[in-house]
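Welcome, and please load the model in your viewer with the sequence panel open. We will go from stop to stop, selecting a few residues each time and looking at what is there.

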Amino acid sequence: MESSRTKVVIIGAGPAGLLLGQLLQKCGIDHVILELRSAEYVLSRVRAGVLEQPTMAALREAGVATRMDREGLPMTGFDLMWEDRRAHINFSLAGKCVMVYGQTRITEDLMQARQATGGITHYETTNVQPHDFDTEQPWVSYEKDGRQFRIDCDFIAGCDGHHGVSHKSVPKDRIKTYDFAFPFGWLAILADVPPVSEQVAWINHPDGFVMCSLRSKTRSRYYFQVPVDEDIKAWDADRFWGEYRRRLPTSLAERLVTGPALEMSFTPLRSTVNTPMRFGRMFLAGDAAHIVPPTGAKGLNMAIADARRLFEGLKQFYHGGGGHMEQLDSYSDDALARVWKAVRFSWWMTNLSHRLSDNPFNRQMQLAELEYISGSVAAQTTIAENFCGLD
Ligand code: RFL
């Protein structure tokens, strides 16, 4: 086995791992990123696209925001629609705004910055395994190109997503997982067509949720609700557009432009929180610690917030004089306080906007709540401040 040493081993090169790496790189703190997939595969994943203000600030701090500031689209509100009704949620009620800028681009910007500054990422590493994280001498083993490696380190950052190895390496009696799976998911299309609505719209249709979203002025991302056991292979772009148009309010259906699918995917909706987010010298960040239904546009923002907070703890340890652990010690509690609020908002938005069951009572409750929101500035303000991110 070939051995080496660094200060921090980051497992996973998604947004959480790459941002943490870039912040450490800027501070001169030695680290290595290990990623299961190839760089091309990581870049091909189409995911989130709505950035809260603290996310934008973190990307600026990491020095990777030039393209975001040039090409990102400011989003000042969104529409909630049902039947022939509409409530506009104006983010100015919360004194904030967000930005539309795709996760793929963030990943690309972070990868380019990493390459330019000489940060080390080993792609296509297999059998990555954290060891001895309960001691002050943790280490990580992995394989690449048929060779075995060992990296000794001070800390391990588990940024390896929901299916990663980090949280699975913790003994079952030391980790508590809270989990709720909705019985439905989202079928999505990405297409180079102008967005059907200038405002991103969340639409409660009696047959299930519909969303009009965008990545730019010429690229749209549309979703609708399907049962979790839907045969996804039975859906091609033509069938998608037909059902999508059918569920849109008439005013939008008339304006819908369709086109070839750049990508189609299915995302099951679930909420999962692994607690705590720290195990000795291993810290979980991003989807490795929690996932949320995308309804509240929180997943990416939560991952970036965790990475930012973990970075502050590591910076204090290495640059604060005397190996201070205070911020690392409070990482899990501080992060979870924020995480649970975002989980709640994502769960609530999902319950408000999706077909929950065949029971008509549920729909009447949703309609009453939507009517209440449309007539209450207080309710709209609550939604705006949660959507834009709680401080
Ligand atoms: P990621 O992006 O999943 O990255 C984790 C990385 O770890 C690697 N990995 C490993 N590496 C080494 N060894 C192992 N054993 C490993 N196992 C895994 C993976 O290959 C990967 O590169 O997690 P991170 O960095 O925490 O970032 C989180 C965000 O990606 C995620 O929260 C959002 O994309 C969630 N999400 C959405 N969030 C939103 O806010 N709005 C959205 O519209 C939205 N759409 C989505 C989404 C997530 C999706 N996925 C995960 C199913 C749509 C989809 C399809």
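**Stop 1: a pair of cysteines**

Start by selecting Cys97, which counts as partly exposed at 29% relative accessibility. Keep in mind throughout the tour that this is a predicted model. Now add Cys388 to the selection; this residue is buried, with a relative accessible area of 1%. Why is there no bond between the two? The sulfur of Cys97 has its closest cysteine sulfur in Cys388, but at 7.2 Å that is too far for a bond. A disulfide would need the two sulfur atoms within 2.5 Å. Seen from the other side, Cys388 is in no disulfide either, with the sulfur of Cys97 as its nearest cysteine sulfur. If you search the whole structure, the count of disulfides is 0.

**Stop 2: the ligand and its shell**

Next, select the ligand and show the residues around it. How many residues surround the ligand? There are 31, and the closest are Glu35, Arg45, Arg47, Gln103 and Asp287. Colour the shell by residue type and you will find 16 nonpolar, 8 polar and 7 charged residues.

Now bring up the helices. Both α1 (15-27) and α8 (299-319) supply at least two residues of this shell. Which element gives the most to the shell? That is α8, with 3 residues.

Stay here and display the backbone atoms, since three distances to ligand oxygen atoms can be picked out:

- Ala16: a backbone N or O atom lies 2.9 Å from an oxygen atom of the ligand.
- Pro15: here a backbone N or O atom is 3.2 Å from an oxygen atom of the ligand.
- Leu300: a polar backbone atom sits 3.4 Å from an oxygen atom of the ligand.

Switch on a surface while you are at it: of the 1000 Å² of accessible area that the ligand has on its own, the protein covers 85%.

**Stop 3: a histidine in a short strand**

Select His290, which you will find in strand β21 (residues 290-291). Is His290 buried or exposed? It is buried, with a relative accessible area of 2%. Add Asp306 to the view, and draw a line between the side chains of His290 and Asp306, which are joined by a polar contact of 2.6 Å.

**Stop 4: the six-stranded sheet**

Change to a cartoon view. Strands of a sheet pair through backbone hydrogen bonds, either parallel or antiparallel. Colour the strands in the order β9-β3-β2-β13-β20-β19 and you have an open sheet of 6 strands with mixed pairing. At the edges stand β9 (121-122) and β19 (278-279); each has a single partner strand, so one side of each is left without a neighbour in the sheet.

Zoom in on β13 (residues 155-158). In a regular strand the side chains alternate between the two faces of the sheet. Here Phe155 and Ala157 point one way, Ile156 and Gly158 point the other way, and all are buried.

Follow the partners of β13 in turn. With strand β2 (residues 8-11), β13 runs parallel, joined by 4 bridges; in this pairing Gly158 of β13 is the bridge partner of Ile11. With strand β20 (residues 282-284), β13 is again parallel, through 3 bridges. There, Gly158 has Leu284 in β20 as its bridge partner. Move on from β20 to β19, and the sense is antiparallel, over 2 bridges. To see one of these, select Phe279 and its bridge partner in β20, Met282.

**Stop 5: the three-stranded sheet**

Now select β4, β8 and β5. They form an open sheet in the order β4-β8-β5, with antiparallel pairing. Its edge strands are β4 (50-51) and β5 (73-75), each of which pairs on one side only. Between β5 and β8 (residues 98-100), which run antiparallel, there are 3 bridges. Pick Met75 and look across to Val98 in β8, which stands opposite.

**Last stop: a glycine in a loop**

Finish with Gly63, in the loop between α3 (53-61) and α4 (66-71). With a relative accessible area of 49%, Gly63 is partly exposed. Then try a distance in your viewer: the C-alpha atoms of Gly63 and Met302 are separated by 19 Å, while the two residues are 239 residues apart along the chain.

Conventions: Residues are numbered from 1 along each chain as its sequence is written. This is a predicted model: local features need pLDDT of at least 70, side-chain atom pairs count only at pLDDT 80 or more; totals for chains, interfaces and linings use all residues. Side-chain values use heavy atoms; hydrogens and water are left out. Buried means under 20% relative accessible area, exposed over 50%, partly exposed in between (1.4 Å probe, protein chains only). A residue is near a molecule or strand if one of its heavy atoms lies within 4 Å of it. A polar contact is a pair of N or O atoms within 3.5 Å; within protein, one must be able to donate a hydrogen and the other to accept it, and residues adjacent in sequence count only if both atoms are side-chain atoms. Accessible areas come from the Shrake-Rupley method with a 1.4 Å probe; for residues, only the protein chains shown count as cover. Ala, Val, Leu, Ile, Met, Phe, Trp, Tyr, Cys and Pro count as nonpolar, Asp, Glu, Lys and Arg as charged, and the others, Gly among them, as polar. Two strands pair if DSSP finds at least two bridges between them.
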